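Biologist: I have a protein open on my screen and would like to go through it bit by bit. Can you take my questions as they come?

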Amino acid sequence: MKRWLPLGLIAVGVVLAVVALLFSPSEEDRIRDRLTQLEDAVRVNDGAHNPLVRLGRVRKEFAEIFTKEASARIVELGERLGSRDDLTAAATQAAVVYQTADVSFGDTDIQVDPAGMTAEVTATATVTGARHGQPVRRDEVPVALRLEKVEGDWKIVSATVHPRRAPDAP
């Protein structure tokens, strides 16, 4: 009986490991989850415009989403944000400019390097928002993101927002 106990425990361990592998999310799914977290973090809800509250929430979320040295380039505006703090400030400022704003990523293509430590993502960001006193506007912009795995979590290292697509562009 004592001899079978260790073998039984090993068998249970192997079964649990296989189940964990089969049901754990893929790297692509984990990256998609990070993009969903970014969508939620930058959303501007009508009536939720306290800049200090927004700053605290965005800062906390961005600490999970971006590396400290993360950068963003907005080609159409010729603007470059050089750190996570710059990104946080820009996302916080959005609530001053927009009454409502929502971002969603579609047409997402994720390429994870063979070592599983970096990834390149191309997507279309659909930005829907209304400036104070203005009608809702919807734009689609191509984005490119570079992510790295930091302590087991995917974090965005850089983002490039390309010029928005013309309304009649495919």
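Modeller: Let's start with helix α3, keeping in mind that this is a predicted model. The buried residues of α3 are Arg54, Val58, Phe62 and Ile65.

Biologist: Where around the axis of α3 do they sit?

Modeller: They are on the same side of α3, because they cover an arc of only 55 degrees around its axis. In general, an α-helix has 3.6 residues a turn, so residues three or four places apart point the same way.

Biologist: And which exposed residues are on the face turned away from the buried side?

Modeller: That face of α3 carries Leu52, Val53 and Lys60, which are exposed.

Biologist: What covers the buried residues of α3?

Modeller: The cover includes two helices, α2 (27–42) and α4 (84–97), and two strands, β1 and β6 (153–161).

Biologist: How many residues does α3 have, and how far does it reach?

Modeller: Helix α3 takes in residues 51–65, which is 15 residues. From its first C-alpha to its last it reaches 20 Å, close to the 21 Å expected at 1.5 Å a residue.

Biologist: You mentioned α2. What is its reach?

Modeller: Helix α2 has 16 residues and spans 23 Å between its first and last C-alpha, close to an expected 22 Å.

Biologist: Which residues of α2 are buried?

Modeller: They are Ile31, Arg34, Leu35, Gln37, Leu38, Glu39, Ala41 and Val42.

Biologist: Let me step back to the whole chain. How many helices and strands are there?

Modeller: The protein has 4 helices and 6 strands. Starting at the N terminus, their order is α-α-α-β-β-α-β-β-β-β.

Biologist: What share of the protein is buried?

Modeller: Of its 170 residues, 31% are buried. As for contacts between residues at least 6 apart in sequence, 55% of them join residues at least 24 apart.

Biologist: Now pockets. What is the volume of the largest one?

Modeller: The volume of the largest pocket is about 1300 Å³. Its lining is made up of 38 residues, and those nearest the centre are Ile74, Tyr98, Val103, Val127 and Val161.

Biologist: Which elements give two or more residues to that lining?

Modeller: The helices are α2 and α4, and the strands are β1, β2 (79–81), β3 (98–112), β4 (118–131), β5 (137–150) and β6.

Biologist: What classes of residue line the largest pocket?

Modeller: The lining has 27 nonpolar residues, 5 polar ones and 6 charged ones.

Biologist: Back to Ile74, then. Where is it placed?

Modeller: Ile74 is in strand β1, which runs over residues 66–74.

Biologist: Why does Ile74 count as partly exposed?

Modeller: Its relative accessible area is 22%, and partly exposed means a value between the 20% limit for buried and the 50% limit for exposed.

Biologist: Which residues does Ile74 touch, leaving aside its neighbours within four places in sequence?

Modeller: Ile74 is in contact with Glu79 and Val161. Its C-alpha is also 6.4 Å from that of His162, although these two residues are 88 apart along the chain.

Biologist: Next, Thr126. Buried or exposed?

Modeller: Thr126 is buried, with a relative accessible area of 12%. This residue is in strand β4. Outside its neighbours within four places in sequence, Thr126 is in contact with Asp102, Val103, Ser104, Arg138, Asp139 and Glu140.

Biologist: What about Gly116, where is it found?

Modeller: Gly116 is in the loop between β3 and β4. At 12% relative accessibility, Gly116 counts as buried. Beyond four places in sequence, its contacts are Lys149 and Trp154.

Biologist: How far is the C-alpha of Gly116 from that of Glu27?

Modeller: The two C-alpha atoms are 7.8 Å apart, with their positions 89 residues apart along the chain.

Biologist: Last topic, backbone angles. What is the phi of Asp107?

Modeller: Asp107 has a positive phi of about 45 degrees, although it is not a glycine. Asp107 belongs to strand β3 and counts as exposed, at 65% relative accessibility.

Biologist: And the phi of Glu151?

Modeller: Glu151 is not a glycine either, and its phi is positive, about 50 degrees. Glu151 lies in the loop between β5 and β6. Its relative accessible area is 80%, so Glu151 is exposed.

Technical notes
Residues numbered from 1 in each chain as written. Predicted model: local features only at pLDDT ≥ 70, side-chain atom pairs only at ≥ 80, totals over all residues. Heavy atoms only, no water. Buried < 20%, exposed > 50% of the residue type's maximum accessible area, 1.4 Å probe, protein only. Contact = heavy atoms within 4.5 Å. Expected span 1.5 Å × (residues − 1). Arc of directions from axis to C-beta. 1 Å grid on protein atoms, 1.4 Å probe; cavity = no way out; pocket = protein on both sides within 12 Å on 5 of 7 lines; lining within 4 Å. Points joined across faces, edges and corners; volume = space filled by probe spheres on them. Nonpolar A, V, L, I, M, F, W, Y, C, P; charged D, E, K, R; others polar.
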